[in-house]
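Got the structure open in your viewer? Let's take a walk through it, one selection at a time.

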Amino acid sequence: MRAVAVPAFRATPEVIHVPKPSPGPGEVLVKIEYAALNPFDWQVADGLLDGRAPHVFPLVLGVDFAGRVDVVGPGENRFVVGDAVYGQAGRPPVGTGTYAEYVTMPQDAAIAGVPDGITLRAAAALPTAGMTALQILRTGVALEPGDTLLLVGAAGGVGSALTQLAAARDIRVVAVVRGDERERMRALGAVLSIDSTEQSVPEACGRVVLGGVDAVVDLVSADASSFETYARLMRPGGAALSTRGCAPPGLGVNFHLTASGALLDALAAAAVAGEIHVPVEGEYPLEKVPEALERNRGGGARGKTLFVP
Ligand SMILES: NC(=O)c1ccc[n+]([C@@H]2O[C@H](COP(=O)([O-])OP(=O)(O)OC[C@H]3O[C@@H](n4cnc5c(N)ncnc54)[C@H](OP(=O)(O)O)[C@@H]3O)[C@@H](O)[C@H]2O)c1
């Protein structure tokens with residue numbers, strides 16, 4: 001089957017042919033209809049998990065997928081052939097990813113059925129970004145209706161998902177973006193957008209939120225001092241969180257997604273309820289993965305990029 005892989009860390013991804021996998025006991029083989037891009041994909045290609053998990057090379061990239069169960073492995077299984085499913089393929093070894101025509105998934109891993117009314121295309125935009133957003137709201141930062149959340153990097157995949165889920169809980173999202181994204185972020189549910197290329201975020205935030213925000217979720221800072229700039233905008237006793245491991249001890253928490261089928265079920269229910277629909281910014285053939293990954297390194301995401309094998 002065709003797949004996008006790197007032959008070594010930091011090598012340029014390329015389309016190659018690899019053997020089609022077959023499902024073991026308790027697994028399913030999914031025929032992928034859509035895979036979705038996450039920054040995690042190029043971070044893994046750069047060696048993010050080197051030394052922390054076993055890898056196989058050529059390392060097939062990609063974790064998010066939506067598709068249909070093609071083959072059910074031996075033994076009991078909660079899925080049947082033809083089921084519409086979506087999920088995140090994150091189990092070790094790293095390198096059996098979803099930028100491919102097929103992927104195998106254990107039935108008890110981060111895979112769930114796609115309910116009627118949600119297309120596979122819409123489902124493919126949800127797994128990593130949606131689960132991250134939902135888990136941040138459930139366990140990452142404690143927020144009540146009426147609270148204010150400062151969301152840095154709000155226009156991308158996680159930001160779009162978190163803005164919608166927070167707004168559905170009557171949390172007031174102040175979106176920090178680069179560029180004029182007011183219309184877009186308002187449509188997603190943000191009460192205010194701050195263009196960090198035009199305005200000082202502390203000044204603009206301080207003008208509208210007296211006493212500090214209840215929580216800061218920082219999706220972009222790549223070092224502790226940048227994180228601190230935003231974390232200082234929270235009120236005493238507030239919460240600050242980094243998805244990039246940049247929160248120093250005592251100032252905030254570093255979030256790590258724990259993906260699961262149960263979380264995907266909750267996400268699907270939120271999608272059915274109309275609480276979340278992550279915008280798709282483009283749909284491309286697998287051959288475009290290398291170019292799209294390179295572009296994502298430079299920022300500029302406005303929702304999710306999908307690939308059709
Ligand atoms: N720890 C975890 O478990 C976990 C889970 C999910 C994601 N993550 C990480 O969280 C980060 C965000 O993920 P994502 O999927 O949302 O990425 P994404 O879809 O690529 O979006 C990132 C967004 O940040 C914006 N941005 C970059 N620099 C900015 C700045 N200085 N101010 C405001 N906006 C800025 C980008 O747009 P502009 O460049 O136009 O500003 C883009 O819209 C990634 O590093 C990802 O790896 C971690």
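Start by selecting H1: this helix gives the largest share of the shell around the ligand, 3 residues. Keep in mind as you click that this is a predicted model. H1 spans 39–45, and helix H4 (157–168) and strand E11 (172–177) also each supply at least two residues of that shell, so add those to your selection.

Next, show everything around the ligand. You should get 25 residues, with Gly157, Arg178, Phe255, Gly300 and Ala301 the closest. Color them by type and they split into 11 nonpolar, 11 polar and 3 charged.

Now pick out some side chains that face ligand oxygens. In arginine 178, a polar side-chain atom sits 2.7 Å from an oxygen atom of the ligand. For glutamine 43, an N or O atom of the side chain is 3.0 Å from a ligand oxygen. Try arginine 244 as well: there the distance from a polar side-chain atom to a ligand oxygen is 3.3 Å. Switch on the surface, and you'll find the protein covering 85% of the 920 Å² of accessible area that the ligand has on its own.

Time to zoom out and color by domain. Where does the ligand lie? It lies between domain 1 (2–125 + 279–308) and domain 2 (129–254), because both give residues to its shell.

Last stop, the interior. Select Tyr86, Leu149, Val217 and Ile276, which have the most contacts inside the largest nonpolar core, a set of 53 residues. That core draws at least three residues from each of domain 1 and domain 2. Apart from it there's another core, of 30 residues, including Val6, Val69, Val103 and Ala109.

Key. Residues numbered from 1 in each chain as written. Predicted model: local features only at pLDDT ≥ 70, side-chain atom pairs only at ≥ 80, totals over all residues. Heavy atoms only, no water. Near = heavy atom within 4 Å. Polar contact = N/O pair within 3.5 Å; in protein donor to acceptor, adjacent residues only side chain to side chain. Areas by Shrake-Rupley, 256 points an atom, 1.4 Å probe, with all protein chains shown as cover. Helix = DSSP H or I, 4+ residues; strand = E, 2+ residues; numbered from the N terminus. Nonpolar A, V, L, I, M, F, W, Y, C, P; charged D, E, K, R; others polar. Domains from an automatic or database assignment. Core = buried A, V, L, I, M, F, W, Y, C linked by side-chain atoms within 4.5 Å. Buried < 20%, exposed > 50% of the residue type's maximum accessible area, 1.4 Å probe, protein only.
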